[in-house]
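Colleague: Could you take me through this model, with the reasoning behind each reading?

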Amino acid sequence: MNNGPKPSRLSYLTSGIVKENPTLILMIGLCPTLATTVTARDGLGMALAASFVLVCSNVVVSAIRKIVPDSVRIPIFIIIISTFVTIIDYVMQAYQPDLYRVLGVFVPLIVVNCIILGRAEAFAYHHGIIDSFLDGLGKSIGFALVLFIMGTLREFFGSGTFFGKAVLPAAYRAQPMLFAIFPPGAFFLIGLLKALVNKTALGKRSQ
Amino acid sequence: MNSAKIFLAAFLVNNIILMRFIGLCPFFGVSTAVSTSIGMSAAVLFVMLLASWVSYVLYHALLLPLGLVFLRTAVFILVIAALVQFVEMFLKKYVKNLYSAMGIYLPLITTNCAILAVTFFNINYKFNLLQATLFALGTAAGFALAIILFAAIRERLEDAPISPAFKGYPIAFIGAALVSLAFMGFTALFGIS
Amino acid sequence: MDWALIIKSLVTLGGLGLILGVILLFSSIKLAVKIDEREAKIRAALPGANCGACGYPGCDGLAAAIVAGKASLNACPVGGPAVAKRIGEIMGQDVTALEPKVAVLICRGGKDEAPSRFQYRGAENCRQATLLLGGPKACIYGCVGFGHCVTVCPVGAIKMGENRLPEIDEKKCIGCGKCVAECPKGTLTLIPRSKLVYLACVSRDRGKAVKDVCAVGCIACGLCVKVCPVGALRMERNLPVMDFEKCTDCGICVHKCPTRSFIDRAPGRPKASINPRCNGCAECVKVCQFKAIEGEPGKQHRLNPEKCIGCGQCVLVCPVKAIDLIGALGHSLKTV
């Protein structure tokens, strides 16, 4: 993997936010992005839970990478990730029960989130602890950003609120655009976001 | 709950991909051609049924009596990973045509959220073994329906004149939005209580 | 610290993992599929394009079929003689290779030469466009030009040209025939790589019917049949059919065709040159269809390079070997 100068430590962090944003560029981790973003709070809550698991698992995988044989690495990753998922599952049940109720089955589903297993396999297994930590953090921020944007937009159009507080007039909130809250709206919105990303990328390429 | 209702609800009303958003990565990845979608659906059906049974037995016979319910995430995903590997080896040896048809999709299924989700739903909805089987069948059928329909649409999108920014994923998402909208019509039927 | 719970979970999870691991280890041994090692070697020798030209499902399929004795050793047209030889070595048998083929477009009617009958608004795919009244082109036999062949080529050897006709990169083309099978009009075909001249038209109409719809379509005038020095052409259903065994790729038909419907693939053509051995017998003047040789009887004749097309007919008839073909390295004159 020797292509050009070694990327700086900071770039591991920043690349996950825009250039290699997991949801909009790498197109992984789509399920929670669409399912849990009915409101901004839910989206952010989900992102924080997934980030916790991503960062912790990246660090642990990186820490034990030298002693894990190649043939059994996937099951080992899965055990590590499911440990952290179980932790966050019970923590959320205890301290944020309404959030837990909303997110439902998607909390344990973090264990099969492509982002987490993908980064463990593609990055943490081959890099040091600090780098893996920064990479995990960067991807988490990128993921959280997308979830926050999606959640905000869907909540804004779908119920006229932001974090539960009304921001649009009552007349709108009486008959909001329900399309945004329901599944079709989620697909539609992420399609538009991806088109925006493509357009920006195309514009940059033509310069 | 009525058995037919469980199947139909899993199949149409609460369609796992279009209404629950579970299983999206393979949905968008494999649905570029109808032939690959059929192969993927077959693999999903196979693994989903087996995983439902094994996880059900393990949960009720082992975890529940021993008070180790919190281990279910780890146990289920381990079982699914091992099951998939076993099924791949078994098919390769004894059912060669099936292996060549859907074998390459089997490794992809380990991270397929749909399988793990079904195992969790079986517990949350407190199904018995028969109900769990119907639910798994219905979900797999719903997965197949969604992915094959969508593949047919995407095959036509290949040649359609679409503006460059929307080519690829964006127009696929918007297509999925329309199919999902159509499926929302089924919610008038019933849901799983 | 509930040690009992911790120990219970460790034992359960650990035990489960161990059991699963043992089951998998056991099955990986019991369910191991024995592959004939020759099959693996043959598979490695094959090009790996999985194009299906051999008639088997991919290179894996062909390797298995060769080892099972069902496929011939030289079944891979893409790998050609080199691969066939290697497979022969692996199987311990002798082998003769098939002649490699290349795909060519047998239609010259692009957007400049062949107009459309109607404005087409729809999916830009040749097969789909053909479903609508045979496609938007005025000539219903000709290439639709939406590039379905571009998408089906497994090695990306085709790209759409400016004139709305596909351009095939002969270096990349592996002669698998996928584009030939997929083209809805049949305007792609495989010819042996050594063949240089071919007819680029598939229109079954004649005369005015063709001229109205395409400037370069074959009007079935039959001139090519008359001028061919070896009689390799014969008219059949308004198209000249070329006998590849007889044809010497001289190129006379290419230049004589009034609608320029033939294509010459040769990268360069030589010119004739008359050396001082010439005795002025003028036999060459009789056979030259392009009036490229002039001179007085009995005197050294001169060649007009502007008119010479390098067909080589003069070389064949010269009794004193006074004519040579020069230039166009690599192009040799075939003699029947």
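The exchange below concerns confidence, the nonpolar cores and one helix of a predicted model.

Colleague: What pLDDT does chain C average?

Modeller: The model as a whole scores ipTM 0.83 and pTM 0.68. Within chain C, 95% of the residues score at least 70, and the average pLDDT of the chain is 87.

Colleague: Which helix gives the most to the largest nonpolar core?

Modeller: The largest nonpolar core has 116 residues, and those with the most contacts inside it include Val53(A) and Ile81(A) as well as Val47(B), Ile77(B) and Ile80(B). The element that gives the most to this core, with 13 residues, is helix H4 of chain B, residues 72-94.

Colleague: Leaving aside neighbours within four places in sequence, which residue of chain B is Ile77(B) in contact with?

Modeller: With those sequence neighbours set aside, the contacts of Ile77(B) include Ile78(A), Ser82(A), Val111(A) and Val112(A), which belong to chain A. The contact of Ile77(B) in chain B is Leu116(B).

Colleague: Why do the buried residues of H3(C) line one face of the helix?

Modeller: Helix H3 of chain C spans residues 58-67, and its buried residues are Cys59(C), Leu62(C), Ala63(C), Ile66(C) and Val67(C). Seen down the helix axis, these residues line one face because they fall within an arc of 130°.

Colleague: Which helices do the buried residues of H3(C) pack against?

Modeller: Beyond the end of H3(C) comes Gly69(C), with a positive phi near 85°. The packing partners of the buried residues of H3(C) belong to chain C, and they are helix H2 (37-45) and helix H4 (80-91).

Terms used. Residues are numbered from 1 along each chain as its sequence is written. Chains are lettered from A and ligands numbered from 1 in the order in which they are written. This is a predicted model: local features need pLDDT of at least 70, side-chain atom pairs count only at pLDDT 80 or more; totals for chains, interfaces and linings use all residues. pLDDT is the predictor's confidence in each residue, from 0 to 100. A nonpolar core is a set of buried Ala, Val, Leu, Ile, Met, Phe, Trp, Tyr and Cys residues joined through C-beta atoms within 7 Å. A residue is buried if 20 or more other C-beta atoms lie within 10 Å of its own, exposed if 12 or fewer, and partly exposed in between; C-beta atoms are placed from the backbone. Helices (H or I, at least four residues) and strands (E, at least two) are DSSP runs, numbered from the N terminus. Two residues are in contact if their C-beta atoms, placed from the backbone, lie within 7 Å. The arc is that of the directions from the helix axis to the C-beta atoms.
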